[in-house]
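Please open the model in your viewer, choose a cartoon representation, and keep a way of showing side chains at hand. The tour goes from one selection to the next, with a few words on what is there each time.

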Amino acid sequence: IILADYHLDNNETGLDVLQALSCHSGHPLVAIVISANNSDNLRKVVKESGYLFLPKPVQPTALRTAMRRMSRNSRL
């Protein structure tokens, strides 16, 4: 499971990096995108990209729950 911050340097996003990694690996990635931007629009974009979204500050319980759920639903 990859944890990716949404806002990166040089106007890149975590989604940009995940897309590049996915193309390079040749298969979909299992990832959680984390951001202080908790807008409905960003949540929608992340979900449509196939990833889970968690808002900052990330609560440890929410992260553990999300990772457990993702590990059960994917072939890691």
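Which residues make up the largest nonpolar core? Bear in mind that this is a predicted model, and select Ala 4, Tyr 6, Leu 15, Leu 18, Leu 29, Ala 31, Val 33, Leu 42, Val 46, Tyr 51 and Phe 53, the eleven residues of that core. At least two residues of this core come from each of helix H1 (14–25), strand S2 (31–35) and helix H2 (40–48). There is another core apart from this one, made of six residues, including Ile 32, Leu 54, Ala 66 and Met 70. As a general background to both selections, nonpolar side chains in soluble globular proteins tend to be buried together.

Stay with the larger set for a moment and pick out Leu 42, which, leaving aside its neighbours within four places in sequence, is in contact with Tyr 6, Ser 35, Asn 37 and Phe 53.

Next, select the strands S1 (2–5) and S2 (31–35), which run parallel and are joined by four bridges. Ile 2 has Ala 31 of S2 as its bridge partner. If you follow the chain from S1 through H1 to S2, you trace a β-α-β crossover that is right-handed.

Now colour H1 on its own; its twelve residues reach 16 Å from the first C-alpha to the last, close to the 16 Å expected at 1.5 Å a residue. Gly 14, Leu 15, Leu 18 and Ser 22 are the buried residues to highlight in H1, and, because they fall within an arc of 95 degrees when seen down the helix axis, they line one face of H1. In general, an α-helix has 3.6 residues a turn, so residues three or four places apart point the same way. The cover over the buried residues of H1 includes S1, S2 and H2, whereas Cys 23 and His 24, on the other side of H1, are exposed. Zoom in on Ser 22, which has a relative accessible area of 18% and is therefore buried, the cut-off being under 20%. Leaving aside neighbours within four places in sequence, Ser 22 is in contact with His 27, Pro 28 and Leu 29. Just after H1, Gly 26 takes a positive phi of about 85 degrees.

Move then to helix H3 (residues 60–73), whose 14 residues should span 20 Å at 1.5 Å a residue, which agrees with the 20 Å between its end C-alpha atoms. Which residues of H3 are buried? They are Leu 63, Ala 66 and Met 70, and they lie on the same side of H3 because they cover an arc of only 70 degrees around the axis. These buried residues pack against S1, S2 and strand S3 (52–55), while the face of H3 turned away from its buried side carries the exposed Thr 61 and Arg 72.

Finish with the backbone in two loops. Most residues other than glycine have a negative phi, and most peptide bonds are trans. In the loop between S1 and H1, select Asn 10, with phi near 55 degrees, and Asn 11, with phi near 60 degrees; both values are positive in a residue other than glycine. Asn 10 is exposed, with a relative accessible area of 73%, and Asn 11 counts as exposed at 80%. In the loop between S3 and H3 you will find Pro 57, and the peptide bond leading from Lys 56 to Pro 57 is cis, with omega near -10 degrees.

Methods
Residues numbered from 1 in each chain as written. Heavy atoms only, no water. Core = buried A, V, L, I, M, F, W, Y, C linked by side-chain atoms within 4.5 Å. Buried < 20%, exposed > 50% of the residue type's maximum accessible area, 1.4 Å probe, protein only. Contact = heavy atoms within 4.5 Å. Expected span 1.5 Å × (residues − 1). Arc of directions from axis to C-beta. Pairing = 2+ DSSP bridges. Right-handed = clockwise from strand over helix to strand, strands pointing away.
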